[in-house]
Amino acid sequence: MTMADQRSARYFTVMKWIGLAIGCAAKFVSGSLFVFNSYEDALKTTFNFTAKEVQLQSSFLNIGLGIGFLPGMFYDRFGPQWCSGAGLVLSLAAYLLLWSTTRSIAFYSSRSWLMAIYFFLCGIGSVFTYMVALNTNVINFHPKHRGKIVGILNAFFAGSPSVFATFYFHVIGKDDPKSADSFSTLMAVFAVCFVVIDILCVAFMRVYPRIETTDKTIPDVSVHDVRNDGVQIDNKCFIGDDDKSAISDDIVVSNDIQISENAIETKASATESVVSNVDQSSDEVSILTILTTLDYQLLTWLFTLASVVGLVYTIALTQTTSALKLDSHNADIVLVIPITNAVISAAVGVISDRYQQRLPRLGILIAGVTTFIICQGLAVGLADNYPTLVTATVVNGIGQGFIWSIAPAVMSEMFSINNLGRNWGIALLASSLVGLGAQEAFGALYDAAISNPGEVYCYGMKCVRWGHTVTLGMAVLAMILGVALYIRRRR
C-alpha cells in the first residue's frame, strides 16, 4: 500500500468519525420535535385552543416527520449535502413562521389549521436532517457495528427532548412556561439550532469508502492440498480465476505462487484496504416490490403501531397529568421518557451487536412491544397514582429505546441498505398517519369527557382512560404482528 493510499485511509477514517459526531448532534436537534408536550399548554393558553386542535398540530408535526420517504428518496438520489441544504431552508422558514404567530394572536386563534401547517413544515425540515444523520453513518460504518451506530444516534435523538424541556421550563419559561413569550423564544432557539447543524452537515457529511484492516496468516500448505481449479486449505475453498483465488474469509492468494514439495507458509501482513460502501449483494428493489413483500408489511406495521403507542403516550403525558391534577410534576415527569430512552438506546445497540447470534434483533423488537402493553395497562388502570404513572412512563421510555434503535437495523438487514432511506421513510409515513388518527381519537375522547361546554380542560380518570385504552389495543396488535414475523423468519 503506497503512502498516498495510507494517508487516504487515515483521512477517510477520521472523517467518518467526524461525521458520526455531527450526526449525533443532528439527531439531537431533530429530537426537538418531541418536546411538544412541554409547550402545548402555552398554545392552549395563548391561542385558547381545544385539546383536539392541539393534538391536530402535534399530529401534523409528526406527519411532517413521517413524510420521511420523500427525504429518504431525495437522499438516496442526491446525497447528504443537498439533503442537508433542503432541511436548512425548510426548518428555518417553518420555525420563523411559528415564532411570528405570537405577534398576531387574534388572527391565529381562529386559524389553528394554519399553525398545524407550520408544524407540518417543521417536521419535514427535521426529517431531512434526520435522514442525513442516520443514513450516512449507517452506510459509512461496517455492518457488524450497525446496532451500536443506530443505538448511539438514537440515544441523542431520544435524549434531546429532556435537555430542551429542562431548558424551556428552567430558563426560557422559568417565570411562566405557558406564556406567549416562552413559546416564541423556544421557536427562535429551534430555528438557530437547525441552521447551525445543517450548515455543519453540508460541510462535513459525506459517504466515505469503508476502511478494512486485514491481518491474516495462511497456515502450512502442502502441495497435495492444491488443485489446478482453485485452492483448498484445511477444508476451506478458494475459488480461482485467471489471476487470483479469493479465500472465504477475505484473504487473497495469487495462483502463481510457487509451491514446493515442502510445506509453505504465506503471511498476509496487516494492511488497510479502501472498500466501496455500495451494497453489491442486493439488487435495487422497486417500491412496488417492497410494498407487496409480506415481511416488509409485517415489520412496517409492527413498528408503526408500536411507535404510535409511544408517541401518543409522550404527547398526552402532560394532558394526563393535568387531568389527574398532577401537573405540578410536569417539569420532572417530561424528562423521564427522553432520559430512559437515551440510556436504553445506547445499551441495546451494543447488546444487539455483541449477542446478535444468540439474541436476534427481531426478538428485541418484540420485547419492546411487550413493554408498551405493560405501560398502557398501568395507564388505563392506575394512572391517577403518581408513582404508578412514573413507572408506566419509565416502561414507555424503555419500549421507545428498543423500537427506535432496533427497527432501522432490522430493516437494513432484512432489505437492501441501498434503499434504507426510502424503506425506512415509508415506515415513518405510516407511523405518522396512524399517529394522526390515534392523537385525534385521544383528543376527541378527552373533549367528550368535559362536563361543562366551552371548557378546554377536563379532570379525572374518565378524561384519559379511553384514550389510553385505544393505544393499549394498538400495542396488543403490534405484538401479534411481531410474533407472526418472528415465526416466518424462523422457518
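Reader: Let's start with Cys193. Why is Cys193 called partly exposed?

Author: This is a predicted model, to be clear from the outset. Cys193 has a relative accessible area of 23%. Buried means under 20% and exposed means over 50%, with partly exposed in between, so at 23% Cys193 lands in the middle class.

Reader: And what makes Cys122 count as buried?

Author: Its relative accessibility is 0%. The cut-off for buried is under 20%, so Cys122 qualifies.

Reader: Fine. How do you know that Cys458 and Cys463 form a disulfide?

Author: Their sulfur atoms sit 1.9 Å apart. A pair of cysteine sulfur atoms within 2.5 Å is called a disulfide, so this pair passes. The structure holds one such link.

Reader: Which hand does the link of Cys458 and Cys463 have?

Author: Left-handed, with -70 degrees about the S-S bond.

Reader: Are the two cysteines of that link buried or exposed?

Author: Buried. Cys458 has a relative accessible area of 3%, and Cys463 comes in at 1%. The limit is under 20%, so both values fit the label.

Reader: On to H11. What makes H11 largely enclosed by the rest of the structure?

Author: Of its 22 residues, 19 are buried, so the surroundings largely enclose H11.

Reader: How does the reach of H11 compare with the expected one?

Author: From first C-alpha to last, H11 reaches 31 Å, close to the 32 Å expected at 1.5 Å a residue. The expected figure takes 1.5 Å times one less than the number of residues.

Reader: Now the void. How many cavities of 30 Å³ or more are there?

Author: One. The largest cavity has a volume of about 320 Å³. What earns the name is that a 1.4 Å probe fits there but cannot get out.

Reader: Which residues lie nearest the centre of the largest cavity?

Author: Phe34, Leu311, Thr314, Gln400 and Trp404, out of 27 lining residues. Among the helices that each supply at least two lining residues are H2 (36–47), H11 (294–315) and H16 (386–414). H8 gives the most, with six residues.

Reader: What is the lining like by class?

Author: There are 15 nonpolar, twelve polar and no charged residues. Asp, Glu, Lys and Arg count as charged, so none of those four types is in the lining.

Reader: And which domains does the lining draw on?

Author: Domain 1 (8–209) and domain 2 (288–490), with at least three residues from each.

Conventions: Residues numbered from 1 in each chain as written. Predicted model: local features only at pLDDT ≥ 70, side-chain atom pairs only at ≥ 80, totals over all residues. Heavy atoms only, no water. 1 Å grid on protein atoms, 1.4 Å probe; cavity = no way out; pocket = protein on both sides within 12 Å on 5 of 7 lines; lining within 4 Å. Points joined across faces, edges and corners; volume = space filled by probe spheres on them. Helix = DSSP H or I, 4+ residues; strand = E, 2+ residues; numbered from the N terminus. Domains from an automatic or database assignment. Buried < 20%, exposed > 50% of the residue type's maximum accessible area, 1.4 Å probe, protein only.
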